[in-house]
Number of protein chains: 2
Amino acid sequence: MKETGYQPIEWLDNKVKLLDQTRLPREEVYLELGDYREVAAAIKEMRIRGAPAIGVAGAYGIALGALKIEDTSRDNFMRELKDITQTLAATRPTARNLFMAIERMQQAAEARGDTAQMKKALVNEAARIHSEEIEATGKLARFGAGLIKDGTTVLTHCNTGPLATTGYGTAIGVIRQAKEQGKQIKVLADETRPLLQGARLTAWELKQAGIPFTLITDSMAGYFLNRGKIDCVIIGADRIAANGDTANKIGSYGLAVLAMENGVPFYVAAPVSTIDLSLACGDEIPIEERNPDEVTHLQGASTAPEGTVAANPAFDVTPHYYITAIITEKGIIKEPYIERMRGIV
Amino acid sequence: MKETGYQPIEWLDNKVKLLDQTRLPREEVYLELGDYREVAAAIKEMRIRGAPAIGVAGAYGIALGALKIEDTSRDNFMRELKDITQTLAATRPTARNLFMAIERMQQAAEARGDTAQMKKALVNEAARIHSEEIEATGKLARFGAGLIKDGTTVLTHCNTGPLATTGYGTAIGVIRQAKEQGKQIKVLADETRPLLQGARLTAWELKQAGIPFTLITDSMAGYFLNRGKIDCVIIGADRIAANGDTANKIGSYGLAVLAMENGVPFYVAAPVSTIDLSLACGDEIPIEERNPDEVTHLQGASTAPEGTVAANPAFDVTPHYYITAIITEKGIIKEPYIERMRGIV
């Protein structure tokens with residue numbers, strides 16, 4: 001599996017190094033953050049984004065915060081650690097991976113007897129979460145590529161490549177892997193308003209991977225689906241409920257309905273860390289409402305009259321019955337998700 | 001019916017005065033065009049847009065060109081007139097109203113014996129097309145408002161107000177009329193990428209009309225439809241085929257599918273001048289493909305990596321079976337459109 005020439009996140013012992021995704025594709029700027037609050041701010045401002053990458057960044061943020069806790073009792077350490085995890089948990093509510101990472105970090109600390117061991121365990125656990133996410137997308141990409149025939153045109157939404165996953169990519173991972181297997185693959189990439197992760201990040205990653213793509217506005221997907229120009233849709237996920245209902249970037253639900261209406265398979269590609277068995281269905285997934293300025297402005301310039309009220313839900317939920325299959329590192333699962341999901345988590 | 005404080009198009013005897021819609025909402029700039037080629041360029045560049053408004057602008061453009069034909073024989077006049085109409089016909093292929101206007105202008109000229117009469121007839125015919133469009137949207141708005149209950153939230157797409165129609169508005173006309181009847185109406189307005197007619201123009205017109213609205217990205221419509229936040233969808237039309245299939249701004253088809261999937265009525269509001277009985281179905285409607293730079297750029301700034309290939313179909317076709325009713329100035333029609341359409345054109 002081919003490496004990319006960029007590193008979305010890296011642990012530098014006492015700093016977290018991030019590729020600032022808000023400045024792509026124009027500039028490749030790396031940030032070195034020495035405070036967990038800076039990591040939290042970077043997640044909130046989407047300098048790093050994508051559910052698996054948010055999980056990894058959250059884990060490193062906790063490790064960073066923990067390392068800087070001064071010598072204290074175990075109880076005080078746990079209290080300070082709780083403040084740190086709460087700050088990171090308050091950044092973005094939808095992606096499951098962040099909360100999965102926080103739970104694992106807490107457990108790693110709790111299992112150790114003294115604060116020095118706890119610090120070491122937290123750094124190790126963050127690195128483990130990172131390497132597991134890398135491994136997971138590599139594996140799921142291989143499973144997913146088996147679904148992709150030679151000559152396929154894939155529609156995708158938002159960004160699900162190495163930037164979003166720190167690894168090989170989920171939806172884009174499947175596409176990359178199919179191409180590496182020698183298949184001719186074309187991509188239609190939704191620009192993904194409001195923050196243009198498709199135009200800015202997916203286009204940048206596909207260009208680097210040498211995969212031919214055409215950029216479209218989100219509103220054009222129906223046109224191409226209806227004209228038979230798309231063979232399958234593959235998206236990532238931010239959180240998957242126990243019944244298979246999937247929260248993903250706003251607009252995903254519409255694509256799923258349009259895919260079904262036109263007889264086109266609709267796949268979700270996500271590591272198991274995205275699955276949340278504690279939620280029975282998608283209605284229970286918290287949907288982040290972001291700043292309406294993201295809708296009334298574009299790259300800093302206002303698009304609408306002054307005083308315009310806008311809504312900005314960042315995600316929507318695709319009910320499981322629109323999803324042809326969910327591609328994970330433990331295999332491809334299909335309906336009845338509610339029965340099969342528990343087998344793989 | 002309330003007047004607006006702006007005039008999208010005006011005939012000044014030897015000039016056409018246009019409100020430049022590309023500069024709204026930031027600036028209210030009026031252009032005075034003395035050459036038909038400038039009118040053609042203004043249509044192509046979408047300084048004036050919206051199917052009915054394009055028809056009116058095309059008619060005035062022809063009148064302007066005809067007035068400037070120097071003294072010549074009737075045959076030479078008709079030849080020069082043909083060049084003029086061809087220039088205007090070559091601007092934008094999808095809106096039926098432009099071609100309807102061109103046909104009417106040609107017939108008006110042909111019916112006269114000498115070139116002085118022909119010039120006069122052309123100016124009169126353009127003014128007649130303009131006043132008929134104004135009257136049509138006033139009437140259709142009254143028919144349409146009967147479908148809108150008090151307390152309704154309407155989703156609309158693109159811009160269909162006075163700017164787009166030179167009159168009262170089609171979809172926005174229906175909304176304005178319902179409000180003038182004292183009904184509480186809220187609007188969700190799609191921003192309408194790539195050229196943001198929703199964010200720039202619909203928001204500007206609704207603000208002026210005092211109608212409360214919330215701006216959303218095109219990708220959010222499904223989310224709000226699925227959550228029961230939208231009571232009906234109303235859009236305009238660029239061309240309606242004999243079976244009711246409707247070409248409208250890209251993204252309309254997706255809204256229609258999502259409305260049906262969620263049991264929400266989907267209305268098309270359009271004057272009869274938009275209906276094209278010469279086309280059996282929507283497959284025959286020519287779809288304009290515009291410059292891909294409109295997709296890779298936003299308000300002049302690039303959004304994607306250099307060299308990104310983009311597609312830019314400006315319209316899509318909604319099959320008639322997704323359309324709950326078509327609202328025209330001659331009444332509201334429903335399935336079977338193929339039988340009922342001929343009765344009203």
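Helices and strands here are DSSP runs, numbered from the N terminus; a helix needs at least four residues and a strand at least two. The model is predicted. Chain A and chain B bury about 4,000 Å² between them. A search of the whole structure finds five cavities of 30 Å³ or more. Cis peptide bonds join A:E335 to A:P336 and B:R193 to B:P194.

**Backbone geometry**

- The peptide bond between A:E335 and A:P336 is cis, with omega about -5°.
- A:P336 sits in a loop of chain A, between strand β16 (331–333) and helix α12 (337–344).
- In chain B, the bond from B:R193 to B:P194 is cis, with omega near 5°.
- B:P194 belongs to the loop that runs between β5 (185–190) and α8 (197–209) of chain B.
- A:C158 is not a glycine, yet its phi is positive, at about 60°.
- The loop holding A:C158 lies between β4 (152–156) and α6 (162–165) of chain A.

**Interface between chain A and chain B**

- The size of an interface is often given as the accessible area lost when the parts come together.
- For chain A and chain B the buried area is about 4,000 Å², with 65% of it on carbon and sulfur atoms.
- Contacts involve 52 residues of chain A and 52 residues of chain B.
- Two salt bridges are counted between the chains.
- B:R193 forms a salt bridge with A:E191 through their side chains, at 2.6 Å from N to O. B:R193 also precedes B:P194 at the cis peptide bond of chain B.
- Polar contacts across the interface number 18 residue pairs, both residues at pLDDT 80 or more.
- On chain A, the elements that each supply at least two residues to the side touching chain B are α8 (197–209), β6 (213–216), α9, α10, α11 (293–296), β13 (301–302) and β14 (315–318).
- That side of chain A has 28 nonpolar, 14 polar and 10 charged residues.

**Largest cavity**

- The volume of the largest cavity is about 220 Å³.
- Its lining comprises 20 residues from the two chains, and A:D218, A:S219, B:D218, B:S219 and B:L258 lie nearest the centre.
- Two or more lining residues come from each of α9 (221–226) and α10 (252–261) in chain A, and from each of α9 (221–226) and α10 (252–261) in chain B.
- In chain A, α9 and α10 also supply residues to the side that touches chain B.
- By class, six lining residues are nonpolar, 10 are polar and four are charged.

How values were computed. Residues are numbered from 1 along each chain as its sequence is written. Chains are lettered from A and ligands numbered from 1 in the order in which they are written. This is a predicted model: local features need pLDDT of at least 70, side-chain atom pairs count only at pLDDT 80 or more; totals for chains, interfaces and linings use all residues. Side-chain values use heavy atoms; hydrogens and water are left out. On a 1 Å grid over the protein atoms alone, a cavity is a set of points where a 1.4 Å probe fits but cannot get out, and a pocket is an open set with protein on both sides within 12 Å along at least five of seven lines; lining residues have an atom within 4 Å of a point. Grid points are joined across faces, edges and corners, and a volume is the space filled by probe spheres set on the points. Ala, Val, Leu, Ile, Met, Phe, Trp, Tyr, Cys and Pro count as nonpolar, Asp, Glu, Lys and Arg as charged, and the others, Gly among them, as polar. Contact means heavy atoms within 4.5 Å. Buried area is the accessible area (1.4 Å probe) that two parts lose on being put together, summed over both. A salt bridge is a side-chain nitrogen of Lys or Arg within 4 Å of a carboxyl oxygen of Asp or Glu. A polar contact is a pair of N or O atoms within 3.5 Å; within protein, one must be able to donate a hydrogen and the other to accept it, and residues adjacent in sequence count only if both atoms are side-chain atoms.
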